[in-house]
Number of protein chains: 2
Amino acid sequence: MRIPKHIGVIPDGNRRWAVRQGKEKGEGYDSGLDPGLELFKLCQKVGVNEITYYGFTTDNTKRPREQRLAFTEACVNAVKLLAKEDAALLVIGNTESAMFPKDLLPYTTRQIFGKGTTKVNFLVNYGWEWDLNSLHGANEEKVKVSNVIKSSDISRVDLIIRWGGRRRLSGFLPVQSIYADFYVVDDYWPDFKKEHFYEAVNWYDKQDITLGG
Amino acid sequence: MRIPKHIGVIPDGNRRWAVRQGKEKGEGYDSGLDPGLELFKLCQKVGVNEITYYGFTTDNTKRPREQRLAFTEACVNAVKLLAKEDAALLVIGNTESAMFPKDLLPYTTRQIFGKGTTKVNFLVNYGWEWDLNSLHGANEEKVKVSNVIKSSDISRVDLIIRWGGRRRLSGFLPVQSIYADFYVVDDYWPDFKKEHFYEAVNWYDKQDITLGG
């Protein structure tokens with residue numbers, strides 16, 4: 001079976017999940033922590049080398065303050081949870097903005113935890129435009145785009161799994177996602193089941209990989 | 001009903017269609033011309049302002065010569081067909097390479113045909129990396145990415161429809177596709193039916209549009 005080397009995770013639907021539970025929208029994020037850890041362990045089990053979690057974006061920070069605080073806190077907690085695992089952990093995002101949580105600054109260079117076997121990238125206050133904007137700082141006339149973007153330490157993504165039913169990338173790593181296969185789970189992220197992961201990985205195994213050729 | 005302003009079209013599956021018909025792979029492209037014109041007319045009918053067709057990419061030109069000649073000819077013929085309609089037509093791609101068909105050079109600045117009511121972009125010998133590589137030619141420290149890429153005359157895409165079952169962008173306009181909703185038709189492009197278009201447009205009408213917010 002062909003296992004994706006790098007999985008991108010778009011954990012969407014936390015707010016809709018909370019509303020369905022009769023809660024405030026911002027109360028859904030905390031319930032995304034256990035799924036994130038469970039997914040990490042499944043990736044380790046089947047031999048995925050690298051995972052990128054879509055934490056929050058610069059676009060997302062325009063949401064109401066309570067929601068912003070809630071998703072920021074959930075990201076901080078998620079990174080701290082993953083730091084207890086065998087992970088080579090990197091947080092990527094715009095650290096020059098007040099929206100970037102200071103607690104995560106130590107992770108903005110890649111840190112090895114435990115055996116560091118799985119590369120984990122966490123996008124926090126990430127913006128696709130911010131990511132691409134470093135391109136024109138490059139000196140040579142023709143550069144390899146993937147080497148000069150701010151997220152150049154993140155590899156090409158093989159499989160993107162998005163929870164919450166929406167079929168769009170919403171700014172997720174545009175360069176690394178160029179050739180990625182895109183699998184959508186209709187359930188909301190807090191309703192994560194390990195079957196979602198296995199279905200996505202089985203589906204990926206049936207795709208032909210041409211990298212645009 | 002909310003009609004997408006700009007539809008991206010990935011007309012995939014021509015080779016698989018040809019093989020299924022017992023033909024050579026390269027013989028499938030010609031059967032994609034009528035669908036392209038029919039789709040254009042449907043877009044006009046429902047009020048879509050702009051269409052971008054994924055012709056061929058710099059990646060695609062690495063395929064066997066017969067296939068390359070066949071898809072190049074199909075693109076030239078498609079552009080000539082569309083030039084008989086009410087279209088504001090632009091061909092975008094790397095014209096510095098021998099792979100760019102000389103017949104299409106006159107269309108590399110936008111040309112108005114008939115009433116020019118529908119903006120049509122045709123990607124020919126397009127490469128995502130080629131597109132983004134103009135970014136670092138920009139002078140200012142922070143630029144609006146969408147203004148400085150080579151395809152800056154192409155607007156943000158609302159809805160991408162891909163024929164042929166594959167769920168990936170394969171390098172299609174990474175910047176303009178950031179927030180696009182992505183609809184996949186399992187049928188091959190030469191098997192185009194107008195129902196595909198209506199299903200995609202109806203599906204799009206049910207999506208919430210947040211532009212990352």
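Trainee: Which residue forms a salt bridge with Arg20(A), and how far apart are the closest N and O atoms?

Mentor: Side chains of opposite charge can pair when their charged atoms come close. A salt bridge here is a side-chain nitrogen of Lys or Arg within 4 Å of a carboxyl oxygen of Asp or Glu. Arg20(A) pairs with Asp191(A), with the closest N and O atoms 2.9 Å apart. Arg20(A) sits in helix α1 and Asp191(A) in the loop between β7 and α6 of chain A, so the pair ties together parts 171 residues apart in sequence. Helices (H or I, at least four residues) and strands (E, at least two) are DSSP runs, numbered from the N terminus.

This is a predicted model: local features need pLDDT of at least 70, side-chain atom pairs count only at pLDDT 80 or more, and totals for chains, interfaces and linings use all residues. Side-chain values use heavy atoms, without hydrogens and water; residues are numbered from 1 along each chain as its sequence is written, and chains are lettered from A and ligands numbered from 1 in the order written.

Trainee: Is Arg168(B), the partner of Asp208(A), buried or exposed?

Mentor: Buried means under 20% relative accessible area, exposed over 50%, partly exposed in between (1.4 Å probe, protein chains only). At 4%, Arg168(B) is buried, while Asp208(A) is partly exposed at 27%. Their closest N and O atoms are 3.2 Å apart, and this pair crosses between chains.

Trainee: And what about Arg166(A)?

Mentor: Arg166(A) meets Asp208(B) in a salt bridge at 3.0 Å, N to O. Arg166(A) counts as buried at 16%, and Asp208(B) as partly exposed at 28%.
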